[in-house]
Structures are given as structure tokens and as C-alpha cells.
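User: Please take a close look at the enclosed empty space in this model, and at the helices and loops that the same analysis describes. A connected account in prose would be preferred.

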Amino acid sequence: ARVRFDGHRVLDGVVRTAAQAAAVNAADVWLPDGGPVRVGDRVHVRVDARAARSPLFANWTVMIGDVQAAVDAEAARGGGGDDDWFDAYHTYEELMKFYADLVDKHAHVRGEKLGASLEGRDIIGVSFEAGGAGVADKAVFLQSGAHAREWIAPAVGSYIATQLAAPNATVRALLEHVDVHFVPMLNPDGYVYSHTSNRMWRKNRRQNAGGSRGVDLNRNWDVKWKTAGCGGESSQTYCGTAPFSEPETAAAAAWALGLKQVRGAAYFKMAYDLHSYSQLFLRPRGYTQEPPPDDERLEKIGELFVDAVRAVHGKRYTNQPAWKLYPTSGTMRDWAYPGDDHASIDAYVTATVELRDTGNYGFVLPPSQIKPCSEEIWNAFVVMLQYVVEND
């Protein structure tokens, strides 16, 4: 049976007391990304009907008045007609068929199975090599679907894939020089579960020792693992029993490192991990406030990204170091960024891109926003490809 959210609300407020912090941490924290929250934090939290009436939240702003109604509305189509793929969210099975068709139709698109999830579903990698396999000496690594409930991320990923598969002349010229390697669905089991059972599921479906379920796949990468922003087993940010303890992250990392080994140490130039929500370009690093050595360049490239997003539909994304939002460790972003403390693909620009919106819908973004959100991110992605072609 599907979990229902009747009477649930998403509230926005600042945690002022320890009692509030405890109540928020016992509920479903939407912002900051999975919690855990501390006194002083600005949060978005989903609470049930009883908690919503608690005096603890008396002066908080209601962001979403009825979560179940938002979930129901999300299941409808966006209005572009039945033939428009980008007019609805899709199941794991539909996405796998979509990528299989893309590979079949386009000679420069290659698909491979990277491994299997805990429940045996395929984790696939899709490569776009317009210059021919093994020709380009530069690449971008892209990933979506780490967090199950962030449905907009794999939706936008499929739009980027469509554009890369059938590029216009400008993009085709760029793709002669730069490959794109994409993991479109890192967390198949969680994503399926978010469709069939619990729309708000975030983690994978690992059976943890204490009886709870799930590891946060964006806390499981081998970079400063478990040093910041990781909660206990039953929390939304549980980082697993060891770096790459989860087959999903292990498969994606092994693929990227394997490509680097074959194609050269300087092959990967950029790496982007698509998530939602908040409209952010989060650059390294999440585990320290110490700016990385080339922070100036990272900041400049982040500005190019957010300017390119804004040029399409006027949406404002914020470019900032990840730690400013909340401390995190074991993220794909920081793993892909160079560091002498971990095996990495050593991309000079890496970012977690938090997609629409800023909380009016949160994780249940209406399907009518899939296309505009995709268009603005695609525009920024093209600007990034241009940067890679024109720079070292």
C-alpha cells in the first residue's frame, strides 16, 4: 500500500529551541537536505497533521498546506499532450526503455551496465561520444537520481540526454571535442520505492543492522567519509558502514575511474550531480570552510552557470561553496574534485546542482515545470561544454 500524506504540511521556520530541533529531526526534513538540524538553522520540514498543530510550530510559515494534494497533482500530466515525454514523470522501467531506445537510434550514444543495485536492478552508464569512441581527450561526468524523491533530477537528465543524442550544429561541434558520461539513475531501488510505496523516500533500500532501511548515496563516496553531515542509521543522511559500502555508488565510481585510467589522468574536466531542490550551484567543498586552491576559477564558472540558467526563464540560482548551506561529507561532488586523500577523477570543476524550486512545491514539483527547468539547465550545460572546449 502507498503511504499517504493526508493533512501533512511543509513548514518553513528558524529553529529557536532544542525542543523545536528535536521535533524537526523526528519529522521529515526537506531543507537543509535531510538534516540533522541544529538550533539556528532555517528549515523546511514535512510534519503530520498532529505535529502541524503543535505550539512548537505556532508561528511557522506554511509552504505546502496539503502534501497529499501536491502528490496527487504531480501524478497528472503537464498539458503538453500524451506524446510529450517531458510532460510527466516516468517510472524506472520507462526510463530504462528510454535510454535503450536512445542507444539504439544514435551511433554516437553507447550504453553499458555498470552493476546492479541491492535489489538487482541495472545501474547503467550512457556515453555520448560524437567525435567517435576514444577520440576526444576531454570529458564531463554527469549523474542524477541519487536521492529517490528528487524526481525532477532524472527528468532533467533525460532532457540533457535527448539534446546530446540529437545535437544541433553548435552542440555537435562542441561534442567533437568533449565526451559526456552519464549515470542517469544511481538509485533504482529507492526510485522504484518512491513510485510504488512512499513518495518521500530518499535513500537506497539497504537493510541496516538496527532494522531501519536505507543509506544516503550522497554521503557514501570515498572522500572525508563520515566526517560531516552524517546522521545515525535511521536518519535521512546515514552514510553506510564504509565508503562505497553500497553497490550503487561503487559501480558509478568504478566506471568513472576506469574511464580515467584508459583515457588519461586529465580526461575528466567537470562533474555535475543533479538534485533538488533550492536552485543552487554548490561548488566544493562540503566538509571544510577552507576554500579549495582554485576557488576563484570555481566561483567564476559557477557564475557562468547561474547566468546561463537565468537567461532562459529568469530563474535565479545561487552560486556558493557547499559548506555554506550545511556541512556534508562523502558526496559525489567532493569525490570528483581533486584531493590527495582519495582516488578521484580529478575534475577541475565539480558541483551539486540543486534544481527547482525554492520550496513552494519542494520535491513535488508539478510536471508542467519539467520542460522549463530542463531548458534552463541545458543552456547552462552547453555553456559548460563551451568552457571545457575553450580552456585546458
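Analyst: The account below begins with the cavities, passes through a loop residue to the helices, and ends with a second loop residue.

The model is a predicted one. Rolling a probe the size of a water molecule over the atoms shows where empty space is left. A search of the whole structure returns three cavities of 30 Å³ or more. The largest cavity holds about 70 Å³ of space, and the second largest holds about 40 Å³.

The lining of the largest cavity consists of Asp33, Asn218, Arg219, His275, Leu282, Ala322, Tyr326, Thr328, Thr331, Arg333, Thr352 and Glu354. Sorted by class, this lining has five polar, four charged and three nonpolar residues. Around the second largest cavity stand Trp30, Leu31, Asp33, Ser276, Tyr277, Ser278, Leu280, Leu325, Tyr326 and Glu354. Here the division is six nonpolar, two polar and two charged residues. Asp33, Tyr326 and Glu354 appear in the lining of the largest cavity and also in that of the second largest.

One of the residues lining the largest cavity is Thr331, which belongs to the loop between β11 (318–321) and α10 (332–336). Its relative accessible area is 1%, so Thr331 is classed as buried. Apart from neighbours within four places in sequence, Thr331 is in contact with Asn218, Arg219, Trp221 and Val223. Of these partners, Asn218 and Arg219 also belong to the lining of the largest cavity.

The helices come next. Helix α4 covers residues 92–105; at 1.5 Å a residue, its 14 residues should span 20 Å, and the end C-alpha atoms are 20 Å apart, which agrees. The buried residues of α4 are Tyr92, Leu95, Met96, Phe98, Tyr99 and Leu102. Because these residues cover an arc of only 155° around the axis, they lie on the same side of α4. Lys97, Asp104 and Lys105 are exposed on the other side of α4. The packing partners of the buried residues of α4 are the strands β5 (109–116), β6 (122–128) and β8 (178–183), together with the helices α5 (152–165) and α7 (188–196).

Helix α5, one of those partners, has 14 residues and reaches 20 Å from its first C-alpha to its last, close to the 20 Å expected at 1.5 Å a residue. This helix is mostly covered, with 12 of its 14 residues buried. The buried residues of α5 include Ile152, Ala153, Pro154, Ala155, Val156 and Gly157, as well as Tyr159, Ile160 and Leu164.

Helix α8 covers residues 247–263; its 17 residues should span 24 Å at 1.5 Å a residue, and the 24 Å between its end C-alpha atoms agrees. Among the buried residues of α8 are Ala251, Ala252, Ala253, Trp255, Ala256 and Leu259, and also Glu248, Lys260 and Arg263. Gly264 follows α8 and has a positive phi, near 120°.

The second loop residue is Thr91, found between α3 (67–74) and α4. With a relative accessibility of 26%, Thr91 counts as partly exposed. Leaving aside neighbours within four places in sequence, Thr91 is in contact with Tyr191 and His195. Thr91 and His195 are 104 residues apart in sequence, while their C-alpha atoms are 7.1 Å apart in space.

Key: Residues numbered from 1 in each chain as written. Predicted model: local features only at pLDDT ≥ 70, side-chain atom pairs only at ≥ 80, totals over all residues. Heavy atoms only, no water. 1 Å grid on protein atoms, 1.4 Å probe; cavity = no way out; pocket = protein on both sides within 12 Å on 5 of 7 lines; lining within 4 Å. Points joined across faces, edges and corners; volume = space filled by probe spheres on them. Nonpolar A, V, L, I, M, F, W, Y, C, P; charged D, E, K, R; others polar. Helix = DSSP H or I, 4+ residues; strand = E, 2+ residues; numbered from the N terminus. Expected span 1.5 Å × (residues − 1). Buried < 20%, exposed > 50% of the residue type's maximum accessible area, 1.4 Å probe, protein only. Arc of directions from axis to C-beta. Contact = heavy atoms within 4.5 Å.
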